[in-house]
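This briefing introduces one protein structure to a reader who has not met it before. The points below are grouped by topic and may be read alongside the sequence and the model.

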Amino acid sequence: MMPSDPMYPHVAASRLQLPPGAWGCLLDGLCARFPRISRAQWLDRFGRGRVQDAQGRALDPAQPWQVGLEIRYFREVAHEPVVPFAERIVHHDAHLLVADKPHFLPVVPAGGHVQQTLLARLIAATGNPDLVPLHRLDRLTAGLVLFSTRPGSRDAYQRLFRERRIEKTYEALAPALPATAFPLRYCSRLERGAPFHRMAEVEGAPNSETEVEVIEGTGPVWRYRLRPVTGRKHQLRVHMAALGAPLQGDDLYPTLAPRDAGDYSQPLQLLARTLSFSDPLSGEVRHFCSGLTLKEPSRGSPGRATGADTNAPEA
């Protein structure tokens, strides 16, 4: 079981295996690795026992930098904004939990989000600190996320993803492509782009593959079904933009268009619609479907994070 944060009881510690480096002490190395956190902030965290070893023992900032040592630390955000949209639990049993995630809610702590994450909310709702997401969705993508509820059976379900034995389908709203023949298979090589949080298509052997078909093909905006054969970061967004149909509400592709963090008026029109697989423990065929429905931003209510119809109450 991961230790919980004494300040945020439903937030697990972040883990870091110390990489190679010539830093003289733990404090110097952490300051270099996380430049956005000041030296004074790190000293304060050390002073309050919020930087620990794998056994939960407080570490000293002057301790030598030891390559390979696992440390645990707790993220802190001075003024964390509330994401005003609710998740919904679709399924919950002894081994699995399936949640329907709204847009704008991260799956795990990242950046300015610690408590306002799907993981933290589900741990609070279920009282189970052993919950672990088996895959990820972008913060701006809505839909189904599968969680393991217990360590003993976790690897059996993680193998489904490693061995590509789980089928995922997405829905997306994007400009019409009347001159393109569907269904189609799009492949390209994706590598980290600039700035660092974007991906870019580059020359070389393809490492990403997406199947695209049309669900509704009328008007200027079509509804597409996307099946990712591979699972590269931002794969669906990059591939649709490359086809000439960037997703509605996309602020990264094809061009960077930053928005204020509290702007919920243009949700990304991408929904993780279904998850299907044969259960590795029981052999049962499992199929889960999101209860959300995408809407064009112009047709929806301003400020609704999901851009979708949902029975889940707002938080």
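Gly 244 follows helix 5 and has a positive phi, near 95 degrees. The model is predicted, and helix 5, which spans residues 235-242, is a useful place from which to begin reading it. The notes then turn to the loop before this helix, the nonpolar cores, a second loop and the chain as a whole.

**Helix 5 and its surroundings**

- Helix 5 is mostly covered, with seven of its eight residues buried.
- These buried residues are Gln 235, Leu 236, Arg 237, Val 238, His 239, Met 240 and Ala 241.
- The packing partners of the buried residues of helix 5 are six strands by name: strand 8 (166-175), strand 9, strand 10, strand 11 (208-216), strand 12 and strand 13 (270-278).

**The loop before helix 5**

- Lys 233 is placed in the loop that runs between strand 12 (221-228) and helix 5.
- Lys 233 counts as partly exposed because its relative accessible area, 35%, falls between the 20% and 50% limits.
- Leaving aside residues up to four places away in sequence, Lys 233 touches Leu 190, Arg 192, Phe 196, His 197 and Met 199.
- The C-alpha atom of Lys 233 is 9.2 Å from that of Leu 137, although 96 residues separate the two along the chain.

**The hairpin of strands 9 and 10**

- Strand 9 (residues 184-192) pairs with strand 10 (residues 199-202) in the antiparallel sense, over four bridges.
- The two strands, 9 and 10, form a hairpin with six residues between them.
- Glu 191 has Ala 200 of strand 10 as its bridge partner.

**The nonpolar cores**

- The largest nonpolar core contains 35 residues, and those with the most contacts inside it are Phe 147, Tyr 224, Leu 226, Met 240 and Leu 270.
- At least two residues of this core come from each of strand 5 (96-101), helix 3 (118-126), strand 7 (142-148), strand 8, strand 9, strand 12, helix 5 and strand 13.
- Helix 3 provides the largest share of this core, four residues.
- Phe 147 touches, among others beyond four places away in sequence, Leu 96, Val 107, Leu 118, Leu 122, Leu 131 and Pro 133.
- Another core, of 16 residues, lies apart from the largest one and includes Leu 16, Cys 31, Ile 37 and Leu 59.

**Helix 1**

- In helix 1 (residues 26-33), the buried residues are Leu 26, Leu 27, Gly 29, Leu 30 and Cys 31.
- The buried residues of helix 1 pack against strand 1 (14-17), helix 2 (39-47), strand 2 (51-53) and strand 3 (70-73).

**The loop after strand 7**

- Thr 149 is found between strand 7 and helix 4 (154-162), in a loop.
- Thr 149 is classed as buried because its relative accessible area of 6% is under 20%.
- A polar atom of the Thr 149 side chain lies 2.7 Å from the backbone oxygen of Ala 94.
- Not counting residues up to four places away in sequence, the residues touched by Thr 149 include His 92, Asp 93, Asn 128, Asp 130 and Arg 154.

**The chain as a whole**

- The protein chain has five helices and 16 strands.
- Of its 315 residues, 46% count as buried.
- Among contacts between residues at least 6 apart in sequence, 62% join residues at least 24 apart.
- The protein chain exposes about 15200 Å², of which carbon and sulfur atoms supply 51%.

Note on methods. Residues numbered from 1 in each chain as written. Predicted model: local features only at pLDDT ≥ 70, side-chain atom pairs only at ≥ 80, totals over all residues. Heavy atoms only, no water. Buried < 20%, exposed > 50% of the residue type's maximum accessible area, 1.4 Å probe, protein only. Contact = heavy atoms within 4.5 Å. Pairing = 2+ DSSP bridges. Core = buried A, V, L, I, M, F, W, Y, C linked by side-chain atoms within 4.5 Å. Areas by Shrake-Rupley, 256 points an atom, 1.4 Å probe, with all protein chains shown as cover. Polar contact = N/O pair within 3.5 Å; in protein donor to acceptor, adjacent residues only side chain to side chain.
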